[in-house]
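Colleague: I would like a close look at the aromatic residues in this model, and at the parts of the chain around them. Please take your time and give the details.

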Amino acid sequence: MKTLILIRHAKSSWEHDVIDHERPLNDRGYRDAKLVSNHISTKNLTPDLVLVSDATRTRLTADAFIEAFPISMDKVQYNYDLYDFSGYNLTKVIKNCPNDINQLMVFGHNHAITAFVNTYGSKYIDNVPTCGVVVIDFDIQYWENLKQGITREVIFPKHLKS
């Protein structure tokens, strides 16, 4: 059994004159990352490995989750291939994950995240919003044999706000 915890980066800021790869989070992004990470850290998940797109907004989102769990930095890897919007590289990175990793946490971007959860999850999601989390369980022994799994959790910031 393998578990994938997919997280779309939190809301980014367009107020800075930087290239897309270097856009930081805005205030709502920081608040949502803290809110969602604190909530999901209570879900009895223990990632063996955390893969993070090396874009600034995904790194900053991941920081909140790393602190909330907490996750040791030796389990965290930054990967330019996850700066992916189509989903091709996202799927490739997951399929190439070492097989001794049973719980994998991945921080990435849309459209890749939504396309992945609708291809490999059991629940259709129109759009995974910023800082949205989708947890999918797979009945596989090897990541390279990725096939449709069961969507266990769907947590969006709006679910946690009253």
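Which word describes Tyr80, buried or exposed, and what is its relative accessible area?

Modeller: Tyr80 is exposed, with a relative accessible area of 52%; buried means under 20%, exposed over 50% and partly exposed in between, with a 1.4 Å probe and protein chains only. This is a predicted model, in which local features need pLDDT of at least 70 and side-chain atom pairs count only at pLDDT 80 or more, while totals for chains, interfaces and linings use all residues. Residues are numbered from 1 along each chain as its sequence is written, and side-chain values use heavy atoms, without hydrogens and water.

To place Tyr80 among the rings, I begin with the whole structure, where a search finds 5 aromatic pairs (rings of Phe, Tyr and the six-membered ring of Trp, with centres within 6.5 Å; planes under 30 degrees apart are stacked, over 60 edge-to-face, the rest tilted). One of them joins Phe65 and Phe107, an edge-to-face pair at 5.3 Å centre to centre with 70° between the planes. This pair links distant parts of the chain, since Phe65 belongs to helix 2 and Phe107 to strand 4, 42 residues apart (helices, H or I of at least four residues, and strands, E of at least two, are DSSP runs numbered from the N terminus). Phe65 counts as buried at 0% relative accessibility, and Phe107 is also buried, with a relative accessible area of 0%. Tyr80 and Tyr83, in turn, have ring centres 5.9 Å apart and planes at 40°, so their pair is tilted. Whereas Tyr80 is exposed, Tyr83 is buried, with a relative accessible area of 17%. Ring pairs link these two tyrosines with Phe85 into a cluster.

Two rings also have a charge over them, which requires NZ of Lys or CZ of Arg within 6 Å of the ring centre and within 35 degrees of the ring normal. The charged end of Arg59 sits over the ring of Tyr78, 3.9 Å from its centre, and that of Arg23 sits over the ring of Trp14, 3.6 Å from its centre.

Aromatic residues appear again in helix 4 (112-120), where Phe116 and Tyr120 are buried together with Ala112, Ile113, Thr114, Ala115 and Val117. Because 7 of the 9 residues of helix 4 are buried, this helix is largely enclosed by the rest of the structure. The cover over its buried residues includes strand 1 (2-8), helix 3 (88-95), strand 4 and strand 5, with contact meaning heavy atoms within 4.5 Å.

The backbone deserves a look on both sides of this helix. In the loop between strand 4 (103-108) and helix 4 lies His111, which a cis peptide bond joins to Asn110, with omega about 5°. In the loop between helix 4 and strand 5 (133-138) lies Cys131, whose phi is near 65°, a positive value in a residue other than glycine; Cys131 counts as buried at 0% relative accessibility.

Elsewhere, Phe69 is joined to Pro70 by a cis peptide bond with omega about -15°, and Pro70 has its place in the loop between helix 2 (56-68) and strand 3 (76-79). Asn44, in the loop between helix 1 (27-40) and strand 2 (49-53), has a positive phi near 60° and is exposed, with a relative accessible area of 68%.
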